[in-house]
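Work through the exercises below with the sequence and the model open. Try each task before reading its solution.

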Amino acid sequence: MKQVSIIIVTYNSEKDIYDCVDSIQTYADIPKEDIELIIVDNCSHETEPMFARLKQQWGEDIILIENTQNGGYGQGNNVGIRRATAPVILIMNPDVRLLEPFFRKPLGAFMADKELIMYGMKMMNTPTSASNNSFWCTTMMNGYLRTLLTGLCTRMDLYLPRWMYFSGSCFFVRKSMFEAAGLFDEEVFMYGEEDDIHYRLAKRFGYHFRFDKHLHYLHPMEHRQLTVDYEKKLLEVDLYHHRKKGLSPLATLRTYLQINTTLLVRAYLRKMLGRQDEADFAKLKGFRNELKKMYKEYSTKS
């Protein structure tokens, strides 16, 4: 029986996937025959040559699935999870790289604690520079508190299972519990699914989540240019998830305005010190204008 099933969803990911798989091979501290590697491709332009190279790289036992549609990140992962046979799943983005022996410790934790739901690790921007995106506070709390607590706790590696969710780029989860909670919500194409997953798992099984600050993976995000459109996508996902939980759109927008206010105050202080990136500052102000516009629209409807 396999110990862990690794699910990687690809979409034109040739520049990333081979190095990703190589890092798994390099840092597998359990026998390779105990690992089930499942690649789900969401209708890439050149799927066949990519699959041929992956089979040559990993071996004949790799599971390669051509998805019948590009239904998004969550739908692709669900296809892989349903095919998986191991009791523990590792969800992994194709641009993630492992940095050290990676499997024995988390899998031992799942074996020792039958209530353990999910196991998160510390994200790195470079092998020596930590990311601030390993986990975040839920957007269902006050926006001021959410922003300040997330910033403080990520710097201190202080994870609070009741209020915080892991990055979706790389995490272990018990398959049976994830299936019972409904897996990924396939109504969400991409981004922003982590908070909802944490909520549904916790509601069903309690707050048995563990963060390991001593286990690292590489997922560079500093080079990504976050835009107002990207922030709006995250907001739309939260509006959708919060409606499912019975929260009003105005409550969600108030939370986002509180988050934005906190970030703008910080940006103004950095601007006075000559340390603020002007593009980021403009993005915060532009997103605030969008939030105020949406708040007014929803207020009129209600």
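**Exercise 1: T128 and L218**

T128 is found in the loop between β6 and β7 (129-130); helices (H or I, at least four residues) and strands (E, at least two) are DSSP runs, numbered from the N terminus. The model is predicted, so local features need pLDDT of at least 70 and side-chain atom pairs count only at pLDDT 80 or more, while totals for chains, interfaces and linings use all residues. Residues are numbered from 1 along each chain as its sequence is written, and side-chain values use heavy atoms, with hydrogens and water left out.

Task: Is T128 buried or exposed? Which residues does L218 touch?

Solution.
Step 1. Apply the cut-offs: buried means under 20% relative accessible area, exposed over 50%, and partly exposed in between (1.4 Å probe, protein chains only). T128 has a relative accessible area of 77%, so T128 is exposed.
Step 2. Go from T128 to L218, 90 residues away in sequence; their C-alpha atoms are 9.7 Å apart in space. L218 belongs to strand β11 and is buried, with a relative accessible area of 15%.
Step 3. List the contacts, where contact means heavy atoms within 4.5 Å. Not counting residues up to four places away in sequence, L218 touches D95, V96, R97, L99, M124, N125, T126 and P127.
Step 4. Take M124 from that list. The C-alpha atoms of L218 and M124 are separated by 4.7 Å, although their positions lie 94 residues apart along the chain.

**Exercise 2: The two sides of α4**

Task: In helix α4 (residues 104-112), which residues are buried, and why do they count as being on the same side?

Solution.
Step 1. Pick out the buried residues of α4: P106, L107, A109 and F110.
Step 2. Check their arc, which is that of the directions from the helix axis to the C-beta atoms. The arc of these residues is only 155° around the axis, so they sit on the same side of α4.
Step 3. Turn to the face away from the buried side, where the exposed residues R104, M111 and A112 are found.
Step 4. Identify the cover over the buried residues of α4: it includes β1 (4-10), β4 (88-92), β6 (118-126), β10 (170-174) and β11 (209-218).

**Exercise 3: Nonpolar cores**

Task: Which residues touch the most other members of the largest nonpolar core?

Solution.
Step 1. Fix the term: a nonpolar core is a set of buried Ala, Val, Leu, Ile, Met, Phe, Trp, Tyr and Cys residues joined through side-chain atoms within 4.5 Å.
Step 2. Look among the 35 residues of the largest core; M92, F102, F103 and F172 touch the most other members. Helix α1 (residues 14-26) gives the largest share of this core, five residues.
Step 3. Note that another core, of 32 residues, lies apart from it, with I38, I117, C137 and A181 among its residues.
Step 4. Follow F103 as a sample. Leaving out residues up to four places away in sequence, F103 touches V4, I6, I24, Y27, A28, D29, I30, I35, L90, L98 and F172.

**Exercise 4: α8 against α10**

Task: At what angle do helix α8 (residues 228-244) and helix α10 (residues 278-301) pack?

Solution.
Step 1. Set up the axes as lines fitted to C-alpha atoms, for helices over the stretch in contact, with angles running from 0 to 180 degrees between N-to-C directions.
Step 2. Read the geometry: the angle is about 35°, and the axes are 10 Å apart.
Step 3. List the contact: V228, E231, K232, L235, E236, L239 and R243 in α8 meet K283, G286, F287, E290, L291, M294 and Y298 in α10.
Step 4. Sort by class, with Ala, Val, Leu, Ile, Met, Phe, Trp, Tyr, Cys and Pro as nonpolar, Asp, Glu, Lys and Arg as charged, and the others, Gly among them, as polar. The contact of α8 with α10 has seven nonpolar, one polar and six charged residues.
Step 5. Compare accessibility with the cut-offs: E236 is partly exposed at 41%, and G286 is partly exposed at 23%.

**Exercise 5: Positive phi**

Task: Where do C43 and L183 lie?

Solution.
Step 1. Recall that most residues other than glycine have a negative phi.
Step 2. Place C43 in the loop between β2 (35-41) and α2 (47-58); C43 has a positive phi of about 65° and is partly exposed, at 36% relative accessibility.
Step 3. Place L183 in the loop between α6 (175-180) and α7 (194-205). The phi of L183 is positive, near 55°, and L183 is buried, with a relative accessible area of 5%.
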